[in-house]
Every structure is written in structure tokens, then in C-alpha cells.
Amino acid sequence: EYGRSFEVRLDLAEAQAMKPTFEAFSVVGDDPELSKAEKLAAQIDIISTSLDRIDNLIGGYKFEGQAVSETGTYESGHFVVVGPSVYFASNRSDIAGLAIPSGSLEPSIFTIDAATTQLIKTVVESGEGRVPMDATLGNALAVKKQEESILEHIQSGGIWIYPILGFALASLLTALFKAFEIYTVKMPAPGALHGILEPLNKGDTQGARAAAEAVPGPAGKMLVDAVIHSDESKELIEEVMYESMIEVQPKMERLLPFIAVTAATAPLMGLLGTVTGMINTFKLITIFGTGDAKSLSSGISEALVTTEFGLIVAIPSLILHSLLHRRAQGVLANMERIAVAFVNGLNRKN
């Protein structure tokens with residue numbers, strides 16, 4: 001029992017080096033022709049091997065073996081075991097890193113960075129040097145292995161992540177275009193209206209029209225129309241200026257509904273991805289049961305990632321729509337204020 005538990009607790013790399021010892025031990029245990037003394041000698045040999053291993057772990061020891069690289073190829077090289085940590089360096093390439101358990105009978109190589117790789121190669125080749133130690137006994141490494149790039153995170157969201165990202169891109173481009181269009185609208189200077197009303201009240205229509213044409217933006221066009229109809233009644237002037245504002249309003253508010261639709265649709269698409277992800281999860285549970293969490297991770301990732309990105313797209317879209325819509329309404333409100341001030345500034349009561 002001690003021999004079996006000793007073999008199970010060994011690292012995969014050490015199990016490679018001690019494989020002949022355990023094979024001989026298992027044969028002795030199953031051979032009915034051996035005497036009790038011979039079997040006892042084999043058991044003592046296993047205990048001696050375990051005690052020698054403890055001595056070796058204190059100062060570290062080196063042995064040959066094979067490991068699987070991150071690209072899936074087998075690499076022949078040397079292992080160095082120091083306490084609970086196992087390191088590997090290839091004989092035929094620059095690959096070096098921590099030897100960690102994998103899905104195969106050989107350990108896999110986990111590389112950290114170029115500097116650490118060089119430290120490990122130096123220790124393996126010379127037998128001394130500095131090596132990284134994991135105080136968490138593999139927990140930190142397991143967390144590190146679970147880290148994923150942005151692209152991998154997106155791909156884990158399944159098929160519905162791509163329409164969400166498409167809406168996000170279209171909404172962003174639309175918002176940038178509308179921001180440029182709205183925030184570049186020029187409004188009249190504070191004294192521009194007075195410069196139009198003063199000559200107009202003196203009867204100088206041409207001078208007032210020239211001053212109105214100098215006013216930039218849609219407010220300038222509205223004032224030009226108002227000056228042209230200045231000899232009409234105030235009611236008609238108000239209608240003319242209101243017509244100019246009605247003409248500007250669609251231009252100010254165009255494409256803004258699309259941003260609002262994106263803000264409303266993205267969470268719903270995320271919810272749809274959540275539903276499809278849970279359906280896939282239940283299908284996997286039907287096949288594999290609930291004992292293997294890894295087999296269920298794809299469906300759970302699809303369920304959660306799509307909801308995450310749906311909210312990531314919806315919240316900025318909602319904020320951008322509110323800001324741009326408020327700015328557009330501000331432009332129209334400013335034009336309305338100018339129109340009221342123009343009508344009130346006319347020195348006629350017709």
C-alpha cells in the first residue's frame with residue numbers, strides 16, 4: 001500500500017525516472033513463487049527509494065526524460081526537481097520552463113518569459129543557479145493557465161458574440177460621425193443678432209441681409225429667411241423661421257435612433273446567447289453528466305460572455321445616445337431662442 005501511494009504522489013517527470021523500480025516492485029508483489037524474505041526485500045527497496053528521494057529533493061536532483069511542449073511536440077531533455085517544483089530544459093532547442101501535469105503520461109512545459117527560461121536552462125546545464133519557486137504549490141500556475149487573451153475571450157462567446165460586436169462597431173462609427181456632425185455646428189456669436197436687427201429696424205434690409213449671411217450654421221440660414229420676409233407680419237416671420245428649424249431637426253437627429261436601437265438590442269442578443277449557451281450546457285450534462293466541469297465550460301462561457309458583451313455594448317451606446325441627443329436638442333433650442341429674440345426685436349406691430 002505504501003508503494004502504491006508513493007507512486008501515485010510522484011510527479012509525472014519523477015514517475016518516468018522511477019518507472020523501472022515500480023515495474024520491478026509490482027512484479028515481485030504478484031509473483032507467488034517468491035518467498036516472504038524476497039518480497040520483504042522488495043518492499044524495503046521501495047522505502048529506501050522514497051527516503052533517497054527526500055534527500056535528493058532537499059538539494060535538487062537531475063535526470064533525463066521527455067516532456068510535451070506548448071506546441072504539442074515531444075522534447076527530450078533533462079528534468080531538475082527541487083522540492084515541490086520540477087523544471088525542464090530541452091537538449092535540442094531553447095525550450096525550458098516548469099514541468100506541470102498534462103493530459104498525457106508525460107508532463108507539459110509551461111514557459112513564463114525569456115529571462116526565466118534562461119535561468120532554468122542555466123540550472124539544468126550547470127546544476128546551480130536561481131530558479132522561480134511557486135509558494136502556492138501550483139495554484140498560482142493553474143490561475144495563470146486560465147488567463148486568456150481578448151480574442152480567446154471573444155471566441156468563447158459562441159456564434160452570437162459576432163452580431164453583438166457588429167452592432168458595437170456600427171454604433172461606434174455612427175456615434176463618431178454624429179458627434180463630428182453635431183459638435184461642428186456653428187452657432188451665432190453673442191452680438192450677431194443685434195447686428196442684424198439694428199440695420200433692419202432702420203430700414204436697411206440689404207445691410208441686415210448681409211449681416212445675416214455672415215452668420216454661420218443653420219441659424220444663419222434661418223435668419224436670412226427671416227430678413228427676406230421681414231416686411232411681412234410677425235406671424236408669417238415666425239412660420240418661416242419655424243419651417244427652417246423643422247428642416248434642420250431631421251438632420252440633427254438622423255442616425256441617433258440607430259444608436260438607441262443598439263442600446264436596446266445588444267442586451268437582448270446577449271440574453272439569446274445565454275439561452276443557447278445553457279441549452280448546450282444541458283446537452284453536455286446529458287452526455288457527460290455533472291462530474292466533469294471542464295466539459296461544461298464551453299456552454300457556460302457562451303452563456304456568460306454573450307451577456308457580458310451585450311451589456312458592454314449597451315451601456316456606452318445608451319450614454320452616447322443621451323449625450324448626442326441632448327446636444328442636438330441644444331442646437332434646436334438655441335435656434336428657437338434666436339427666432340424668438342429676432343421676432344421680439346422687430347420694431348413693428350404689424
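In the predicted model, I109 is found in strand β5, which spans residues 108-110. The residue is buried, with a relative accessible area of 4%. Beyond its neighbours up to four places away in sequence, I109 touches A67, V68, S69 and E70. Further contacts of I109 are made with E75, F88, I95, A96, G97 and L98. One of these partners, E70, lies 39 residues from I109 along the chain, yet the two C-alpha atoms are separated by 6.3 Å.

A contrasting pair is formed by I109 and P190, which are 81 residues apart along the chain and have C-alpha atoms separated by 71 Å. P190 is placed in the loop between α8 and α9, the latter covering residues 192-201. With a relative accessibility of 86%, P190 counts as exposed, whereas I109 is buried.

Helix α8 comprises residues 161-183, and three of its residues are described here. I161 is located in this helix and is buried, its relative accessible area being 0%. Leaving aside neighbours within four places in sequence, I161 is in contact with I154, V305, T306 and F309. Between I161 and G217, 56 residues apart along the chain, the C-alpha separation is 41 Å.

T174 is also part of helix α8. At a relative accessible area of 13%, T174 is buried, because the cut-off for a buried residue is under 20%. Its side chain reaches the backbone oxygen of A170 at 2.7 Å. When residues up to four places away in sequence are not counted, T174 touches L255, F258 and I259.

E181 is likewise found in helix α8. This glutamate has a relative accessible area of 18% and is therefore buried under the 20% cut-off. Its contacts, apart from neighbours within four places in sequence, are with K251 and R254.

L255, one of the residues touched by T174, is found in the loop between α12 (234-253) and α13 (256-288). The backbone of L255 has a positive phi of about 70°, although the residue is not a glycine. Most residues other than glycine have a negative phi. At 40% relative accessibility, L255 counts as partly exposed, while T174 is buried.

Helix packing was examined for three pairs. Two packed helices are described by the angle between their axes and the distance between the axes. Helix α1 (residues 2-9) packs on helix α4 (residues 36-59) at an angle of about 35°, and the axes are 10 Å apart. The crossing of α1 with α4 is left-handed. From α1, the contact involves Y2, G3 and F6, and from α4 it involves I46, I47, T49, S50 and R53. Sorted by class, the contact of α1 with α4 has 4 nonpolar, 3 polar and 1 charged residues.

For α9 and α10, the axes come within 7 Å and cross at roughly 170°. The angle makes α9 roughly antiparallel to α10, because angles over 145 degrees are classed in this way. On the α9 side, G195, I196, P199 and L200 take part in the contact. These residues meet T205, G207, A208, A211 and A212 in α10. The contact of α9 with α10 divides into 6 nonpolar, 3 polar and no charged residues.

Helix α10 (residues 205-213) also packs with helix α11 (residues 217-228), at an angle of about 170° and with the axes 8 Å apart. Helix α10 is therefore roughly antiparallel to α11. The crossing of these two helices is left-handed. T205, A208, R209, A212 and E213 in α10 meet G220, L223, V224, V227 and I228 in α11. By class, this contact of α10 with α11 has 6 nonpolar, 2 polar and 2 charged residues. T205, A208 and A212 of α10 thus appear in the contact with α9 and also in the contact with α11.

Definitions and conventions: Residues are numbered from 1 along each chain as its sequence is written. This is a predicted model: local features need pLDDT of at least 70, side-chain atom pairs count only at pLDDT 80 or more; totals for chains, interfaces and linings use all residues. Side-chain values use heavy atoms; hydrogens and water are left out. Helices (H or I, at least four residues) and strands (E, at least two) are DSSP runs, numbered from the N terminus. Buried means under 20% relative accessible area, exposed over 50%, partly exposed in between (1.4 Å probe, protein chains only). A polar contact is a pair of N or O atoms within 3.5 Å; within protein, one must be able to donate a hydrogen and the other to accept it, and residues adjacent in sequence count only if both atoms are side-chain atoms. Contact means heavy atoms within 4.5 Å. Axes are lines fitted to C-alpha atoms, for helices over the stretch in contact, and angles run from 0 to 180 degrees between N-to-C directions. Angles under 35 degrees count as roughly parallel, over 145 as roughly antiparallel, 65 to 115 as roughly perpendicular and the rest as oblique. A crossing is left-handed if the near helix is turned anticlockwise from the far one by less than a right angle, and right-handed if clockwise. Ala, Val, Leu, Ile, Met, Phe, Trp, Tyr, Cys and Pro count as nonpolar, Asp, Glu, Lys and Arg as charged, and the others, Gly among them, as polar.
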